[in-house]
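Got your viewer open? Let's take a walk through this one together, picking out a few residues at a time.

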Amino acid sequence: QVQLVESGGGLVQPGGSLRLSCAASARIFSISVMGWYRQAPGKERDMVAVISTRNTTNYANSAKGRFTISRDNAKNTVYLEMNSLKPEDTAVYYCSAVLAEAPMRTYWGQGTQVTVSS
């Protein structure tokens with residue numbers, strides 16, 4: 001019912017910044033929670049940041065102070081602003097969404113690669 005498309009990934013040097021975007025096929029106000037997760041090769045997918053319809057946010061400890069998640073309801077888009085990037089931030093970043101009407105189902109985007117290297 002919901003399609004998510006990530007963009008904005010790429011190669012960046014340590015200390016640099018990237019802004020990831022997640023465009024949703026559904027109106028954001030109908031989605032209870034959206035978030036960003038990341039997965040490095042051979043590792044589990046971990047939560048980076050989440051945001052609710054009420055714009056309450058939660059961040060992984062590794063992201064606090066460096067990453068900011070935000071929503072633009074007019075564009076049906078969620079963003080992840082990443083600053084002061086570190087090599088350990090290298091991963092595939094996935095956008096996720098949960099609909100209030102079907103909270104047992106989590107939708108995922110295809111992912112966008114973020115590589116932090118000099």
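Start by selecting Ser84, which sits in the loop between S8 and S9. Keep in mind as you look around that this is a predicted model. Check the backbone here: Ser84 has a positive phi of about 50 degrees, although it is not a glycine. Is Ser84 buried or partly exposed? With a relative accessibility of 40%, Ser84 counts as partly exposed.

Now jump to Asn55, in the loop between S5 and S6. Its phi is also positive, near 70 degrees, and Asn55 too is a residue other than glycine. The relative accessible area of Asn55 is 48%, so this residue counts as partly exposed.

**Next stop: Asp89**

Go back to the loop between S8 and S9 and select Asp89, together with Arg38 in strand S4. These two form a salt bridge, and the closest N and O atoms are 2.9 Å apart. Arg38 and Asp89 are 51 residues apart in sequence, so their pairing ties together distant stretches of the chain. How much of each is accessible? Asp89 has just 1% relative accessibility and counts as buried, while Arg38 is buried with a relative accessible area of 15%.

Keep Asp89 selected and add Arg66. The side chains of Arg66 and Asp89 meet in a salt bridge as well, at 2.8 Å from N to O. Arg66 belongs to the loop between strand S6 (57-59) and S7, and this pair links parts of the chain that are 23 residues apart. Arg66 is buried too, its relative accessible area being 11%. With all of them on screen, you are looking at a network of salt bridges that links Arg38, Arg66 and Asp89.

**Another salt bridge**

How many salt bridges does a search of the whole structure find? It finds three. To see the one you haven't visited yet, select Glu81 and Arg19, whose side chains meet at 3.9 Å, N to O. Glu81 lies in strand S8 and Arg19 in strand S3, so this salt bridge ties together parts that are 62 residues apart in sequence. Glu81 is partly exposed, at 31% relative accessibility, and Arg19 is partly exposed as well, with a relative accessible area of 46%.

**The disulfide**

Select Cys22 and Cys95 and show their side chains. Their sulfur atoms are 2.1 Å apart, and the two residues form a disulfide. The count for this structure is one disulfide. Look along the S-S bond and you'll find an angle of -85 degrees, which makes the link of Cys22 and Cys95 left-handed. What does this link tie together? Cys22 lies in strand S3 (residues 18-24) and Cys95 in strand S9 (residues 91-99), so the pair joins parts that are 73 residues apart in sequence. Both of these cysteines are buried.

**The nonpolar core**

Time for the inside. In soluble globular proteins, nonpolar side chains tend to be buried together. Here, the largest nonpolar core has 32 residues. To find your way in, select Leu4, Met34, Trp36, Leu80, Met82 and Tyr93, the residues with the most contacts inside this core. Then color the elements that give two or more residues to the core: S3, strand S4 (31-39), strand S5 (46-52), strand S7 (67-72), strand S8 (77-82), S9 and strand S11 (112-116). Which element gives the largest share? That is S9, with five residues.

**Last stop: the largest pocket**

Finally, switch on a surface and look for the largest pocket, which holds about 170 Å³ of space. Select its lining: Arg38, Gln39, Ala40, Lys43, Glu44, Asp46, Met47, Ala60, Ser62, Glu88, Thr90 and Ala91. You've met one of these before, since Arg38 also belongs to the salt bridge network with Arg66 and Asp89. S4 and S5 each supply at least two residues of the lining. Color the lining by class and you'll get four nonpolar, three polar and five charged residues.

Key. Residues numbered from 1 in each chain as written. Predicted model: local features only at pLDDT ≥ 70, side-chain atom pairs only at ≥ 80, totals over all residues. Heavy atoms only, no water. Disulfide = S-S within 2.5 Å. Helix = DSSP H or I, 4+ residues; strand = E, 2+ residues; numbered from the N terminus. Buried < 20%, exposed > 50% of the residue type's maximum accessible area, 1.4 Å probe, protein only. Core = buried A, V, L, I, M, F, W, Y, C linked by side-chain atoms within 4.5 Å. Salt bridge = Lys/Arg side-chain N within 4 Å of Asp/Glu carboxyl O. 1 Å grid on protein atoms, 1.4 Å probe; cavity = no way out; pocket = protein on both sides within 12 Å on 5 of 7 lines; lining within 4 Å. Points joined across faces, edges and corners; volume = space filled by probe spheres on them. Nonpolar A, V, L, I, M, F, W, Y, C, P; charged D, E, K, R; others polar.
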